[in-house]
Amino acid sequence: VKVSSDVDGERSYYKFADALAAANIMYNPTIKLLADCEEAPGVELMISSNVKSTTYTIDLNGYTATLTRPISGTSTAGGENRFLNITSNMAVKIMDSSAEPNGQIRCLATGNAYARGITVTDGSLTLESGKLYVQNDAPYASNSSERVYAVVVAAGKTFTMNGGEIEAASEYYGWGVVGSGSASARSIVNMNGGVINANAYYDAR
């Protein structure tokens, strides 16, 4: 995984998490995948406060970053488990610059708890191309809570989809994009292109 900046130069890492950590202290960084990569289970990745940056780009470059989380016993935030969390006021863009834009971020979970793919706690997120796939493979149960949210947008924050694909898969409930808020501060979702597939296999027996 390569991290580059017009000001801070270029660095390479084996792990997506290490690349994110480095980008968090660089000026307007771009993270570019150079190969498929997989993170250790149970890691919540943060795009955190960076006084140098106003923008942050993840270029999938035709490859796949797989983030796994064994939800059972590792629940956070009231049972909602996050994979990638934008916690700073930056404009984050996900894109795929390859000729065949087949790159993906895959968030794979299992267990009786909620799973969030990308959470926009602060700032904004734009999907230009590539795919975000979020799955909880726990089998359906009558008391199931294995709900999947591909993108969660906090009140007053923004998600824009200009292209690409989002897929949320669960045997109970799967949501592509979820917002929140009140009359005074609502999530902002702009869909200008792309495809959202929310695949729920719920059986109401």
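In the predicted model, Lys 131 is in contact with Leu 60, Gly 103, Gln 104, Ile 105, Glu 165 and Glu 167, when neighbours within four places in sequence are left aside. Lys 131 belongs to strand 13, which covers residues 131-136. With a relative accessible area of 19%, Lys 131 falls under the 20% limit and is therefore classed as buried. Two of the contacts listed for Lys 131, Glu 165 and Glu 167, also take part with Lys 131 in a network of salt bridges. In the bridge between the side chains of Glu 167 and Lys 131, the N to O distance is 3.0 Å. Glu 167 is located in strand 16 (residues 165-170) and Lys 131 in strand 13, so this salt bridge ties together parts that are 36 residues apart in sequence. Both partners, Glu 167 and Lys 131, are buried.

Across the whole structure, the search returns four salt bridges. Among them is the pair formed by Lys 157 and Asp 122, whose closest N and O atoms are 3.0 Å apart. Lys 157 lies in the loop between strand 14 and strand 15, and Asp 122 in the loop between strand 11 (114-120) and strand 12 (124-127); the pair therefore ties together parts that are 35 residues apart in sequence. Lys 157 is partly exposed, its relative accessible area being 23%. A further salt bridge joins Glu 10 to Lys 2, with 3.8 Å between the closest N and O atoms. Glu 10 has a relative accessible area of 56% and is therefore exposed, the limit for this class being over 50%.

Eight strands make up an open sheet of mixed pairing, in the order 2-1-3-6-9-12-15-18. Its edges are strand 2 (9-12) and strand 18 (188-191), each of which pairs on one side only. On average, and with direction ignored, neighbouring strands of the sheet are turned by 15° against each other. Helix 1 packs on this sheet and touches strand 1 (2-5), strand 2, strand 3 and strand 6. The direction of helix 1 makes about 165° with that of strand 3.

Within the sheet, strand 3 (residues 30-32) pairs with strand 6 in the parallel sense, over three bridges. Ile 31 has Ile 58 as its bridge partner in strand 6. Strand 6 also runs parallel to strand 9 (residues 91-95), to which five bridges join it. In this pairing, Thr 55 has Ala 91 of strand 9 as its bridge partner. Strand 6 (residues 55-59) is mostly covered, with four of its five residues buried. Farther along the strand order, strand 15 (residues 158-161) and strand 18 run parallel and are joined by four bridges. The bridge partner of Phe 159 in strand 18 is Val 189.

The largest nonpolar core comprises 42 residues. Those with the most contacts inside the core are Phe 16, Ile 31, Ile 47, Tyr 56, Leu 125 and Leu 132. Helix 1 (residues 16-23) supplies the largest share of this core, namely five residues. Apart from neighbours within four places in sequence, Phe 16 is in contact with Val 1, Ile 31, Leu 33, Cys 37, Glu 39, Leu 45, Ile 58, Ala 65 and Leu 67. These contacts of Phe 16 include Ile 31 and Ile 58, which are bridge partners in the pairing of strand 3 with strand 6.

One aromatic pair is present in the structure. It is formed by Tyr 149 and Trp 175, with 5.2 Å from centre to centre and 20° between the planes. The pair counts as stacked because its planes are under 30 degrees apart. Tyr 149 is part of strand 14 (residues 148-153) and Trp 175 of strand 17 (residues 174-178), so the pair ties together parts that are 26 residues apart in sequence. Tyr 149 has a relative accessibility of 11% and is buried, whereas Trp 175, with a relative accessible area of 31%, is partly exposed.

Methods: Residues numbered from 1 in each chain as written. Predicted model: local features only at pLDDT ≥ 70, side-chain atom pairs only at ≥ 80, totals over all residues. Heavy atoms only, no water. Core = buried A, V, L, I, M, F, W, Y, C linked by side-chain atoms within 4.5 Å. Buried < 20%, exposed > 50% of the residue type's maximum accessible area, 1.4 Å probe, protein only. Helix = DSSP H or I, 4+ residues; strand = E, 2+ residues; numbered from the N terminus. Contact = heavy atoms within 4.5 Å. Pairing = 2+ DSSP bridges. Phe/Tyr/Trp six-rings, centres within 6.5 Å; stacked < 30°, edge-to-face > 60°. Axes fitted to C-alpha atoms, helices over the stretch in contact; angles between N-to-C directions.
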